[in-house]
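Take a look at the chain below. Follow its path from one end to the other before reading on.

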Amino acid sequence: MRISGARFHGTTHGPKSTDLNAPDLSEAPASSTMFDTALRIGLVALLVYACARIVLPFAFVLMWSAILAVILYPLHLRLARQLGDRGAALLIGLIGVAVILGPMVIVVTSLATSLYSLISSVQSQDVALPPPPLWLDGAPLVGKKLTEIWTLVATNLPAALAKYGHLMSGPLAWVASFAGGLAIAELSFVLSFAIAMVLVVYGRGATEFAQRFLERVTSSQARAVQLVTLMAATIRGVALGVIGVALIQSVLLGVGFFAIGIQAAGPLTLIALLLGVMQVPLILLTLPVVGYVFATEPTLAAIIFLIWNVIVGLSDNILRPLMLGRGVEVPMPVILIGVLGGMIVDGLVGLFVGPVLLAVSYVLLLEWLRQNPVDDPHRGDAPAS
């Protein structure tokens, strides 16, 4: 009995040297789990990278399509009761192209024509400038130099191009590139409307997908529904209250510019759109134009043009409260940065996408900062210092 007891004791409590060559099974599951996690992360990162390379060239177009879909979805729901989902989407798309893109195509085409005429005039040395004004020579620091350059361009354009042509090569190349990009922007808008109509048809599924995704991120179904509602309200508020008002006013001003026969009607309309989106008073643009019209056109036509500009300027007081009240207040610096950054990144399409994207990001950041911290059951038991 002692021998068997000794063997039993040796088997269970013997020296550890007998187990040195045995594998450590306790560390195997942990290593396998870490390897599987790293493999999953690597595969997901590879998939995201591959998809990003495909989507990034169309990122702003897809964003603008999503914005249009969010804006037009309530209208689609109303029309779908009589026309069905596809019929309502087709009708909205055709009306949108005719009402919004039609004037935009005219403006962009006029702008491209004006830029092309300017470049052609400079290249053919057929630019005629009036003599410099008398007050320019007395301007401090740069007055005499600007007067000298202006006089040389007005009297001897070939000599001016030979002397200062290298300074104009960069800006002229940028202007030519911008004029060529306008046609691409028009095609991008048409493509955005087409994609938006497809998204509108599948609006319910897209909303459910966004809610499921945010529920996965926030671990709360109620929170996901709240964030989707907040993003939709912000998109509609900024797109209608800022971009929509600016677009309506710029189109109305453009109608006046084209009707009075201003040669630079296209560029002036685009400048009006930029100023409107950036919340700059349009009187800074219309006042000099009205003065020019009074100096070059008959008095009756100039008075009618003045009345039209006053009406368009006052329409801001009616349109903005109606549309801006639908969304969430966003500071103007956010809108301004979005406009400038969007234009730098993606031109005319970025002008519309930039402010909406930054506004949504700003509202989501504020909503995240306003969240109450998770309640700690031991937090109230801590003794006061």
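The report below goes from the overall layout to the core, the contacts, the surface and the loops.

## Overall layout

This is a predicted model. The protein chain has twelve helices and zero strands. Read from the N terminus, its elements run α-α-α-α-α-α-α-α-α-α-α-α. The chain holds 385 residues, and 31% of them are buried.

## The nonpolar core

Start inside. In soluble globular proteins, nonpolar side chains tend to be buried together. The largest nonpolar core here has 42 residues. Within this core, W64, I67, L273, L351, F352 and V356 touch the most other members. Five elements are listed as giving two or more residues to this core: α3 (59–123), α6 (157–201), α8, α9 (265–277) and α12. Helix α12 gives the largest share, twelve residues.

Where does this core lie relative to domain 1 and domain 2? Domain 1 covers 60–142 + 153–219, and domain 2 covers 220–370. Both domains give residues to the core, so the core lies between them.

## A salt bridge between helices

Now look for charges. A search of the whole structure finds one salt bridge. It joins E367 and R223. Their closest N and O atoms are 3.2 Å apart. E367 sits in helix α12 (residues 332–369), while R223 sits in helix α8. The two partners are 144 residues apart in sequence, so the pair ties together distant stretches of the chain.

Are these two charged residues buried or exposed? The cut-off for buried is under 20% relative accessible area. E367 has 15% relative accessibility, so E367 counts as buried. R223 also has 15% relative accessibility, so R223 counts as buried.

## Aromatic rings

A pair of aromatic rings is described by the distance of the centres and the angle of the planes. The whole structure contains two aromatic pairs by this search. One of them is formed by F257 and F305. Their ring centres are 6.1 Å apart, and the planes meet at 40 degrees. This pair is classed as tilted.

The two rings come from distant parts of the chain. F257 belongs to helix α8 (residues 221–260), and F305 belongs to helix α11. They are 48 residues apart. Both F257 and F305 are buried.

## A nonpolar patch on the surface

Helix α11 also has residues on the outside. A nonpolar surface patch covers about 590 Å². Its members are F294, I303, L306, I307, V310, I311 and L314. Which element gives the largest share of this patch? Helix α11 (residues 299–324) does, with six residues.

Take V310 as an example. V310 lies in helix α11. Its relative accessibility is 43%, so V310 counts as partly exposed. Partly exposed falls in between the cut-offs of under 20% for buried and over 50% for exposed.

## Two loop residues

Two loops deserve a stop. S219 is in the loop between α7 (203–218) and α8. S219 is not a glycine, yet its phi is positive, at about 60 degrees. With 66% relative accessibility, S219 counts as exposed.

P131 lies in the loop between α3 and α4 (134–137). P131 counts as exposed because its relative accessibility is 66%. P131 and V153 are 22 residues apart in sequence. In space, they are 9.4 Å apart, C-alpha to C-alpha.

## A buried residue in helix α3

Finish with L68. Which helix holds L68? L68 is in helix α3. Its relative accessible area is 8%, so L68 is buried. L68 and L199 are 131 residues apart in sequence. In space, L68 and L199 are 9.2 Å apart, C-alpha to C-alpha.

Methods. Residues numbered from 1 in each chain as written. Predicted model: local features only at pLDDT ≥ 70, side-chain atom pairs only at ≥ 80, totals over all residues. Heavy atoms only, no water. Patch = residues over 30% accessible without salt bridge, like charges linked within 9 Å, V, L, I, M, F, W, Y side chains within 5 Å. Areas by Shrake-Rupley, 256 points an atom, 1.4 Å probe, with all protein chains shown as cover. Salt bridge = Lys/Arg side-chain N within 4 Å of Asp/Glu carboxyl O. Helix = DSSP H or I, 4+ residues; strand = E, 2+ residues; numbered from the N terminus. Buried < 20%, exposed > 50% of the residue type's maximum accessible area, 1.4 Å probe, protein only. Phe/Tyr/Trp six-rings, centres within 6.5 Å; stacked < 30°, edge-to-face > 60°. Core = buried A, V, L, I, M, F, W, Y, C linked by side-chain atoms within 4.5 Å. Domains from an automatic or database assignment.
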